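Subject: Model for your review

Dear colleague,

I am handing over the structure below, and would be grateful if you could read it alongside the notes that follow.

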Amino acid sequence: MNDDLKNVYFIWGRGKTTIASRLCEKYGFYIYSTDDARDRLMETATPENQPNMCRDWIGDYGVQDFWQLPPEVIALREKHFLREMTPLIIKELTELSSQHHTIICEGDIDYFAVAPIAKNKIHLHSLSQAFDFFDRPDHCDMLDSVKLRSDISCEDKAKIIENAYKAVRTDDTSIPEWVTELGVKSIQWDDSTTIEKTLSDVEKYFGFDRECIEKAPKILLTSNGLETEFLEKVFLYLIKKEPENARVMFIPTAAVYPDAILVLPKCMNDLLKLGIKKENIQVYDMHSTLSAEDLKKFDALYFTGGDPAYLLNRINLSGFRIPLLEFINNGGVFLGVSAGSIIAANNLSESLGLVNCEIYVHCREGTKQKEILPGEKIFLTKENAVLLYGDKSCIIE
C-alpha cells in the first residue's frame with residue numbers, strides 16, 4: 001500500500017460522480033475528478049513519456065471527428081490514455097494528500113496500477129438499463145462536435161452518433177473481471193435503488209460516520225473577531241456545544257503592540273457575550289509547553305490580533321505547532337482574528353497553511369461570498385470571514 005494515498009478514497013463504476021458529490025456536500029471532502037484532470041494533464045504530457053496522450057488519433061485514422069473512429073479504436077485509445085495518465089494523477093494525489101484531510105477520487109483510471117497501492121477503493125456496479133453516458137451533465141456536450149457540423153447530412157450525423165453510443169455502451173451487467181481479480185469491493189445498484197441507499201452503503205464501507213464530521217477541520221478566519229451576529233452563530237455551530245459547556249483557549253501572544261493590547265478585552269468579550277463561562281476560558285501565552293493531549297480539553301482556540309510574524313515565530317519556537325495542527329486535524333475549532341487569521345493562510349513563509357490563499361485584514365472592501373480558489377488573495381472586512389469546514393473553504397458574510 002502507498003501511505004501517501006491513505007486518505008484518498010477511490011470510487012469507480014457508474015454513479016461515482018453523484019456519490020462523490022453527495023459525500024462532498026455532507027462531509028466537506030475534497031473531490032478529485034480524473035475527467036476534470038484530463039485537459040490539465042494533457043498540457044504537461046510529452047510525446048516521449050506519454051505518446052498515446054499526445055497522439056493525433058483523428059488524423060492517424062483519417063477522420064474528421066473523434067466519434068467517427070471505430071469503437072474498438074476508441075476503446076484502445078482510452079486504455080492507453082489511462083495507462084499513461086495514471087502516474088500523473090497519482091503524483092497530483094500524493095501532493096494533495098498532504099493538503100487535505102480526506103480526498104475522494106472519482107473517475108476512470110488504470111485500475112491495475114492503482115488498486116494494489118490504494119487502501120480505500122470501491123466499485124459501483126450498475127444493473128440499470130436506463131444509463132445514458134451522454135446524458136450526464138458533464139458529458140452532454142460531447143456530441144456537439146457532431147451535431148453542430150454543417151458539412152454533413154443529418155443522416156450522416158445520426159450514423160456517427162450511433163457509432164459513439166456503440167463505443168461507450170455495454171449491455172453486460174455482470175461485474176467487470178478486473179473488480180474480482182483485484183479484490184475491489186463492489187456495491188450493486190439498479191433502477192429501484194435510491195441514491196441515499198447507495199450513499200449509505202459507501203459510507204459504511206469507507207467508515208464515514210459522525211466521527212468523520214466531528215474530526216473535519218473547522219476554521220473561522222476573521223478580521224475583527226465575532227463582529228456580527230451571523231459570525232457568532234457560525235462559531236457556535238462549529239463548536240457544537242451549548243455555550244455554557246464550551247471550553248476555549250484564548251491566545252493573545254500576537255498582541256505585542258499597544259493598539260493590539262487595547263483590543264484584548266474586546267476579544268475576550270467575543271466569547272463571554274456568547275455565554276461561554278469565564279472559568280471555561282484559559283489564557284495561554286506560549287510560555288509553557290502544551291501537548292496534544294492538553295489541547296483535547298478544549299473545543300476551540302481563539303488567536304487574537306497583533307504581529308503575525310511574531311505569533312508564527314512563537315508557535316514554531318515553543319513547539320506548539322505540532323499539537324496545534326493535531327488539534328485542528330482532530331476537529332478542534334480554530335478562530336483567528338487579524339494576525340491570528342494571517343498565520344493560517346499563505347502570507348508568510350512557514351505559515352500554518354490551513355487555507356491555500358493569502359489573507360488581508362481590516363480592508364474597506366471585502367471579497368464577496370464565494371468558494372476560494374487556490375492561491376488567490378482574500379480581503380476581509382469586519383463583516384466577512386473565511387470558513388473552512390472539512391476541505392471546503394469559502395467566504396461567508
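Val-8 stands opposite Ile-103 in strand 3, and these residues belong to a parallel pairing in which 4 bridges join strand 1 (residues 8-13) to strand 3 (residues 103-106). Helices and strands here are DSSP runs numbered from the N terminus, a helix being H or I over at least four residues and a strand E over at least two, while two strands are said to pair if DSSP finds at least two bridges between them.

Please bear in mind that the model is predicted, with local features requiring pLDDT of at least 70 and side-chain atom pairs counting only at pLDDT 80 or more, whereas totals for chains, interfaces and linings use all residues. Residues are numbered from 1 along each chain as its sequence is written, and side-chain values use heavy atoms, with hydrogens and water left out.

The sheet that holds strand 1 is open and has 5 strands in the order 2-3-1-4-5, with parallel pairing. Strand 2 (30-33) and strand 5 (185-189) stand at its edges with a single partner strand each, so one side of each has no neighbour in the sheet. Direction ignored, neighbouring strands of this sheet are turned by 25° against each other on average; axes are lines fitted to C-alpha atoms, for helices over the stretch in contact, and angles run from 0 to 180 degrees between N-to-C directions.

Two helices that pack on this sheet deserve mention. Helix 5 (residues 71-97) touches strand 1, strand 2 and strand 3, and its direction makes about 170° with that of strand 2; contact means heavy atoms within 4.5 Å. Helix 10 touches strand 1, strand 4 (120-126) and strand 5, with its direction at about 155° to that of strand 4.

Helix 10 (residues 195-206) also packs against helix 1 (residues 16-27), at an angle of about 75° and with the axes 10 Å apart. The two helices are therefore roughly perpendicular to each other, a term that covers angles of 65 to 115 degrees. On the side of helix 1 the contact is made by Thr-18, Ile-19, Arg-22, Leu-23, Lys-26 and Tyr-27, which meet Ile-195, Glu-196, Thr-198, Leu-199, Val-202 and Glu-203 in helix 10. By class, this contact has 6 nonpolar, 2 polar and 4 charged residues, where Ala, Val, Leu, Ile, Met, Phe, Trp, Tyr, Cys and Pro count as nonpolar, Asp, Glu, Lys and Arg as charged, and the others, Gly among them, as polar.

A further open sheet has 8 strands in the order 8-7-9-10-6-14-15-12, with mixed pairing. Its edge strands are strand 8 (281-283) and strand 12 (370-371), each of which pairs on one side only. Strand 6 (residues 218-222) and strand 10 (residues 333-337) run parallel and are joined by 5 bridges, with Phe-334 in strand 10 as the bridge partner of Ile-219. Strand 6 is also joined to strand 14 by 5 bridges, but here the strands run antiparallel, and Leu-220 stands opposite Leu-387 in strand 14. Strand 14 in turn runs antiparallel to strand 15 (residues 392-396), again over 5 bridges.

How many residues of strand 14 (residues 385-389) are buried? The count is 5 of the 5, so strand 14 is largely enclosed by the rest of the structure; buried means under 20% relative accessible area, exposed over 50% and partly exposed in between, with a 1.4 Å probe and protein chains only. Both faces of strand 7 are likewise covered, with Val-248 and Phe-250 buried on one side and Met-249 and Ile-251 on the other. Strand 7 pairs with strand 8 in the parallel sense over 3 bridges, and Phe-250 stands opposite Val-283 in strand 8.

Leu-274 lies in the loop between helix 13 and strand 8, and counts as buried because its relative accessibility is 11%. Leaving aside neighbours within four places in sequence, Leu-274 is in contact with Leu-226, Glu-232, Phe-235, Leu-236 and Pro-243.

For the chain overall, there are 17 helices and 15 strands, and 48% of the 397 residues count as buried. Along its principal axes the C-alpha trace spans about 80 × 40 × 40 Å.

With best regards

Methods. Parallel < 35°, antiparallel > 145°, perpendicular 65-115°, else oblique.
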